[in-house]
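User: Please give me a close, connected account of the largest pocket. I should also like to see it set against the fold and the packing around it.

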Amino acid sequence: MSQSQVSVTDLDLPQLAEVKKQLDEELSHLSSSFAQLSKAQAKFKACVENVAEIHPKNKDKTILIPLTNSLYVPGKLKDPDYVIVDVGTGYYVKKVWATACCQVSVSLTKSHLGAQSRDDARKHYQKKADFVKTNLDKLQETIEKKQENMNFLLNVMQVKMAQQQRQGSAASAT
């Protein structure tokens with residue numbers, strides 16, 4: 001099935017209004033997705049910073065543990081050689097500071113923990129943040145193109161409305 005392209009300048013005002021409505025919905029959805037991706041990127045950047053803050057000198061010290069971006073609870077750092085990394089969809093990996101053998105275990109259970117270096121934990125979150133940044137850039141380009149389309153559509157609608165007014169004025173004058 002082939003689709004034929006129709007220029008927006010060939011559409012009448014009700015059809016243009018429908019196209020505008022569709023563009024509004026698309027822009028709203030894309031903007032919402034952009035906001036969600038921005039939050040995800042901030043979360044991954046915060047994780048990179050949190051992993052960097054874990055030092056052996058902090059062993060048995062009371063620290064604030066981030067449960068969410070805005071909720072922290074006090075706790076003691078019992079073993080600064082390990083960090084638990086959220087790898088997505090409820091799976092976690094226990095990562096060991098650089099003295100470990102850098103061995104990774106993979107399991108289908110959510111509670112299974114493999115071992116890697118703490119630096120790998122930082123790299124993991126940085127890689128995710130960079131991936132999200134790439135998608136944010138692509139999404140920003142798409143949003144800008146949709147906004148350009150919307151501006152063009154609005155200009156066409158204004159021209160058509162002005163033409164209708166002139167035709168209405170000319171018809172009433174005769």
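Analyst: Buried residues (under 20% relative accessible area with a 1.4 Å probe, protein chains only; exposed is over 50%, partly exposed in between) make up 22% of the 174 residues in the protein. The model is predicted, so local features are given only at pLDDT of at least 70 and side-chain atom pairs only at 80 or more, while totals for chains, interfaces and linings use all residues. Residues are numbered from 1 along each chain as its sequence is written, and side-chain values use heavy atoms, without hydrogens or water.

The fold supplies the frame for the pocket. The protein has 2 helices and 4 strands (DSSP runs numbered from the N terminus: H or I of at least four residues, E of at least two). Along the sequence, these elements follow the pattern α-β-β-β-β-α. Of the contacts (heavy atoms within 4.5 Å) in the protein with a separation of 6 or more, 49% join residues 24 or more positions apart.

The largest pocket (an open set of points on a 1 Å grid over the protein atoms alone, with protein on both sides within 12 Å along at least five of seven lines) holds about 980 Å³ of space, taken as the space filled by probe spheres set on the points. Its lining (residues with an atom within 4 Å of a point) consists of 29 residues. Nearest the centre of the pocket are Cys47, Asn50, Ile65, Pro66 and Ile84.

Four elements each give at least two residues to this lining: helix H1, spanning 13–52, strand S1 at 62–66, strand S3 at 82–88, and helix H2 at 118–173. The greatest contribution comes from S3, which provides 7 residues. By class, the lining of the pocket contains 19 nonpolar, 5 polar and 5 charged residues (Asp, Glu, Lys and Arg are charged; Ala, Val, Leu, Ile, Met, Phe, Trp, Tyr, Cys and Pro nonpolar; the others polar).

The elements H1, S3 and H2 that contribute to the lining also recur in the packing of the interior. The largest nonpolar core (buried Ala, Val, Leu, Ile, Met, Phe, Trp, Tyr and Cys joined through side-chain atoms within 4.5 Å) has 13 residues, and Phe44, Val83, Val85, Ala121 and Tyr125 have the most contacts inside it. H1, S3 and H2 each supply at least two residues of this core, the largest share, 5 residues, coming from H2. A second, separate core has 12 residues, among them Leu11, Leu13, Leu23 and Leu27.

Individual residues show how H1 and H2 are arranged with respect to each other. Arg122 lies in H2 and is classed as partly exposed because its relative accessible area is 29%. Leaving aside neighbours within four places in sequence, Arg122 is in contact with Val48 and Val51. Its C-alpha atom is 9.4 Å from that of Phe44, although 78 residues separate the two along the chain. Phe44 is one of the core residues named above.

Elsewhere along the two helices, Gln41 of H1 counts as buried because its relative accessible area is 12%. Beyond residues up to four places away in sequence, Gln41 touches Ala129, Val132, Lys133 and Leu136. Leu136 also forms a pair with Gln36: the two are 100 residues apart in sequence, and their C-alpha atoms are 9.8 Å apart. Gln36, likewise found in H1, is exposed because its relative accessible area is 54%. Asn135 belongs to H2 and is partly exposed, since its relative accessibility is 25%. Between Asn135 and Ser38 there are 9.9 Å, C-alpha to C-alpha, against a sequence separation of 97 residues.

On the strand side, Tyr82 belongs to S3, and a relative accessibility of 32% is why this residue counts as partly exposed. Not counting residues up to four places away in sequence, Tyr82 touches Lys94, Lys95 and Val96. The C-alpha atoms of Tyr82 and Ile54 are 9.1 Å apart, with these positions 28 residues apart in sequence terms.

One backbone feature concerns the loop between H1 and S1, where Asp60 is found. The phi angle of Asp60 is near 65°, a positive value in a residue other than glycine. Asp60 is partly exposed because its relative accessibility is 42%.

Technical notes
On a 1 Å grid over the protein atoms alone, a cavity is a set of points where a 1.4 Å probe fits but cannot get out, and a pocket is an open set with protein on both sides within 12 Å along at least five of seven lines; lining residues have an atom within 4 Å of a point.
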